[in-house]
Amino acid sequence: MIKFVDIDALFGQYMKERVTKNEENLSYEEWENKIPALYEEFGKQHFKELDGKTPETYYAAASGKELADALGSQIENGQSVSEYLCAAIVHKPDAEKPLIAMLDSDNEEKTMYALNLLGEMGSKEAVSKYVELAAYGEGDEHIRELAAELLIDQCEAGKEIIFRQIHDVDDETKALFCDVLSRCAKDERIYEVLQDAFLTHPAQATLYSSYLARYGDERFLPVLYEAIERPGIDYGEFRELKFAIETLGGEYENERDFSEDKVYRKLKNENNARKQKK
């Protein structure tokens, strides 16, 4: 078991002593600017509280599981979690499985720490949990958002899981899955999924057209041309569809009348106001 030492408090004391001595004759503002360098310097100092070790080496001999257990314990006890502990965990491959297990915790702080550390590790083993938390999680919104970001970062590793589930999810989850797939390398299945999602969600044409544009397949142009010609679309939707068309190498020059559109009039008034200021 790893002995808990409040390394952040130790740094606070170290800095206080340095500032009090002020051998460099620095101002308060200059000391504030020096904090990052001072923290790096602190990491290489030996302390009796750390059994003669430095903050950088204190956790070096521990296993990944021991470090993950220490992290969980410190969070549960309301103790300060040091950056040095987190850095040590990231550099221990055998910490990956304990961190993945931590994602099932009811403690949201533990889940957030585990997600962040797995993200830093570039974990692919955690991708199925990212999908679960991002798409089906009922916890904190921050957890869902972070899991979605990590899933996007590992889009290639996650795409097969998405293919197995995308036809049985609600609209919100389908949008997330399409967002992820739109960032993957070319795959005929992705082309079909994105086009089908665009065609079956006409009320969300703005959102889904952004996925088509990002994916970058010019075969989407016919459905985009069809969508932009629909009567009754508002100016915001028109602009996004036109952007998608142009991103894919197409052009759209047909004249459209948006003079009664609220968004169009607002943007036009703002543009005129800027011109008058010049």
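Here a trainee and a mentor talk through a predicted model of a protein, one question at a time.

Trainee: Let's start with the fold. How many helices and how many strands does the secondary structure come to?
Mentor: Happy to start there. This is a predicted model, and its secondary structure comes to 15 helices and zero strands.

Trainee: What is the radius of gyration, and what does the globule rule give for 278 residues?
Mentor: For 278 residues the globule rule gives 19 Å. The protein is well over that, so it is more spread out than a compact globule. Along the principal axes, the C-alpha trace spans about 75 × 55 × 30 Å. The radius of gyration itself is 26 Å, against the 19 Å of the rule.

Trainee: Which percentage of the residues counts as buried?
Mentor: A residue needs under 20% relative accessible area to be called buried. The accessible surface of the whole protein comes to about 16000 Å², with 48% of it belonging to carbon and sulfur atoms. Of the 278 residues, the buried share is 44%.

Trainee: What share of the contacts with a separation of 6 or more comes from residues 24 or more positions apart?
Mentor: Good thing to ask of a helical model. Among contacts with a separation of 6 or more, residues 24 or more positions apart account for 61%.

Trainee: And the charges: how far apart do the centres of the positive and negative sets lie?
Mentor: There are 35 positive and 58 negative side chains in the protein. The centres of these two sets are separated by 3 Å.

Trainee: On to the rings. Is the pair of phenylalanine 11 and tyrosine 39 stacked or edge-to-face?
Mentor: The structure holds 17 aromatic pairs, and this is one of them. Its ring centres are 4.8 Å apart. The planes meet at 85°, and an angle over 60 degrees is what the name requires, so the pair of phenylalanine 11 and tyrosine 39 is edge-to-face.

Trainee: Which helices does that pair tie together?
Mentor: The two residues are 28 apart in sequence. Both are buried: phenylalanine 11 has 11% relative accessibility, and tyrosine 39 has 17%. Ring pairs also link them with Tyr14, Phe42, Phe47 and Tyr84 into a cluster. Phenylalanine 11 lies in H1 (residues 7-21) and tyrosine 39 in H2 (residues 28-42), so the parts tied together are helices H1 and H2.

Trainee: What about tyrosine 191 and phenylalanine 220: stacked or edge-to-face?
Mentor: Here the ring centres lie 5.1 Å apart. Tyrosine 191 is in helix H11 (residues 188-199), while phenylalanine 220 is in the loop between H12 and H13, so the pair ties together parts 29 residues apart in sequence. Both residues are buried. With the planes at 25°, the pair is stacked.

Trainee: Which helices are included in what covers the buried residues of H12?
Mentor: The buried residues of H12 are worth picking out in the viewer, among them Tyr208, Tyr211, Leu212 and Tyr215. Just past the helix comes glycine 216, with a positive phi near 80°. The cover over the buried residues of H12 includes H10, H11, H13 and H14.

Trainee: How many of the 10 residues of H7 are buried?
Mentor: H7 spans residues 127-136 and is mostly covered. Its buried residues include Val127, Lys129, Tyr130 and Leu133, and they pack against H5, H6, H8, H9 and H10. The buried count for H7 is seven.

Trainee: Is arginine 18 buried or exposed?
Mentor: Arginine 18 is in helix H1. Beyond residues up to four places away in sequence, arginine 18 touches Glu24, Trp31, Lys34, Leu38 and Glu41. With 16% relative accessibility, arginine 18 is buried.

Trainee: What is the relative accessible area of lysine 110?
Mentor: Lysine 110 lies in helix H6. Leaving out residues up to four places away in sequence, lysine 110 touches Gly72, Ile75, Glu76, Met102 and Ser105. Lysine 110 counts as buried, with a relative accessible area of 12%.

Trainee: Last one: where does asparagine 25, with its positive phi, lie?
Mentor: Most residues other than glycine have a negative phi. Asparagine 25 has phi near 55° and is exposed, with a relative accessible area of 66%. Asparagine 22 also has a positive phi, of about 45°, and lies in the loop between H1 and H2. Asparagine 25 likewise lies in the loop between H1 and H2.

Technical notes
Residues are numbered from 1 along each chain as its sequence is written. This is a predicted model: local features need pLDDT of at least 70, side-chain atom pairs count only at pLDDT 80 or more; totals for chains, interfaces and linings use all residues. Side-chain values use heavy atoms; hydrogens and water are left out. Helices (H or I, at least four residues) and strands (E, at least two) are DSSP runs, numbered from the N terminus. The radius of gyration is taken over C-alpha atoms; the globule rule is 2.2 Å times the number of residues to the power 0.38. Buried means under 20% relative accessible area, exposed over 50%, partly exposed in between (1.4 Å probe, protein chains only). Contact means heavy atoms within 4.5 Å. Accessible areas come from the Shrake-Rupley method with a 1.4 Å probe; for residues, only the protein chains shown count as cover. Lys and Arg count as positive and Asp and Glu as negative; His and the chain ends are not counted. The place of a charge is taken as NZ of Lys, CZ of Arg, CG of Asp or CD of Glu. Rings of Phe, Tyr and Trp (its six-membered ring) pair if their centres lie within 6.5 Å; planes under 30 degrees apart count as stacked, over 60 as edge-to-face and the rest as tilted.
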